[in-house]
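Dear colleague,

Here is the structure you are taking over, with the sequence alongside. My notes on what was found follow below it.

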Amino acid sequence: IQDGRIQPAKIEEKVEEAKNELSQRMNEIGEEAAFEVGVADFPKEILQLLGRLHFITSYGQNVLVHSIEMAHIAQMLASELGANVEVAKRGALLHDIGKAISHEVEGTHVELGIKILNKYNVSQDVVNAMRSHHDDYPYASPEAFIVSAADILSAARPGARRDTLEHY
């Protein structure tokens, strides 16, 4: 710093540049996830939060990969059971969206997820489908049961989480 080789302004500039690149990358990841699942109309802020989930793990399982897997499972289950496929798929994809901010804001990831989805006017049917996946709220629809079942299937399958084979 004293001889001028390390410049605080340059460091701040590079930090800001890295933040912008990461924000852009998270948006791309969120868009890719929504595209993979077949959802085209989420607000930009929701896509950004989905992208953040790519950088979070739960029991060694990538949260975004888990959510995408759940959306596919929920879609298949809802189709077979005659339930609303779009609601089940969206509820599954967004079920852990609160984890994207749970380290910054007080509250459980389910409570935070409900607040986020309500803030961005996501359908109440989708909110009802995602909010019961930890039995914190009553199951308000068949899609809520489907999201919960998809969560259990995705999380408990062998290899999904880092655990011993004996545990399975």
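**Salt bridges in helix 1 and elsewhere**

Arg25 and Glu28 sit three residues apart in helix 1 (residues 8-37), so about one helical turn separates them. Please keep in mind throughout that this is a predicted model. The side chains of Arg25 and Glu28 meet in a salt bridge, with 3.4 Å from N to O. Arg25 also takes part in a salt bridge with Glu32, where the N to O distance is 3.8 Å.

How exposed are the residues of these two pairs? Arg25 has a relative accessible area of 36%, so it counts as partly exposed. Glu28 falls in the partly exposed class as well, at 31%. For Glu32 the value is 46%, which again means partly exposed.

Another salt bridge joins the side chains of Glu104 and Arg52, at 2.7 Å from N to O. This pair links distant parts of the chain, its members being 52 residues apart. Glu104 is in the loop between helix 4 (85-94) and helix 5 (109-119), while Arg52 belongs to helix 2 (residues 44-53). Glu104 is partly exposed, with a relative accessible area of 47%. Arg52 is partly exposed too, and its relative accessible area is 24%; the cut-off for buried is under 20%, so Arg52 does not count as buried.

Elsewhere, Asp41, Glu86, Lys89 and Arg90 are joined into one network by salt bridges that share partners. The structure holds nine salt bridges, and I have described some of them here. As a general point, side chains of opposite charge can pair when their charged atoms come close.

**Helix packing**

Two packed helices are described by the angle between their axes and the distance between the axes. Both values follow for two pairs that involve helix 4.

For helix 3 (residues 63-81) and helix 4, the axes come within 7 Å and cross at roughly 160°. Angles over 145 degrees count as roughly antiparallel, so helix 3 is roughly antiparallel to helix 4. The crossing in which helix 3 passes helix 4 is right-handed.

For helix 4 and helix 7 (residues 142-156), the axes are 9 Å apart and the packing angle is about 45°. Helix 4 and helix 7 are therefore oblique to each other. Helix 4 passes helix 7 in a right-handed crossing.

**A surface patch and a buried serine**

Which residues make the nonpolar surface patch of about 250 Å²? The patch is made by Ile6, Ile11 and Val15. Ile11 is found in helix 1. With a relative accessible area of 46%, Ile11 counts as partly exposed.

Is Ser58 buried or exposed? Its relative accessibility is 14%, and since buried means under 20%, Ser58 counts as buried. Ser58 lies in strand 1, which spans residues 57-58. From Ser58 to Leu47 the separation is 11 residues in sequence and 20 Å in space, taken C-alpha to C-alpha.

If you want a place to begin on screen, display Arg25 together with Glu28 and Glu32, its salt-bridge partners. After that, go to Glu104 and Arg52 for the salt bridge between distant parts of the chain.

Regards

Definitions and conventions:
Residues numbered from 1 in each chain as written. Predicted model: local features only at pLDDT ≥ 70, side-chain atom pairs only at ≥ 80, totals over all residues. Heavy atoms only, no water. Helix = DSSP H or I, 4+ residues; strand = E, 2+ residues; numbered from the N terminus. Buried < 20%, exposed > 50% of the residue type's maximum accessible area, 1.4 Å probe, protein only. Salt bridge = Lys/Arg side-chain N within 4 Å of Asp/Glu carboxyl O. Patch = residues over 30% accessible without salt bridge, like charges linked within 9 Å, V, L, I, M, F, W, Y side chains within 5 Å. Areas by Shrake-Rupley, 256 points an atom, 1.4 Å probe, with all protein chains shown as cover. Axes fitted to C-alpha atoms, helices over the stretch in contact; angles between N-to-C directions. Parallel < 35°, antiparallel > 145°, perpendicular 65-115°, else oblique. Left-handed = near helix turned anticlockwise from the far one by under 90°.
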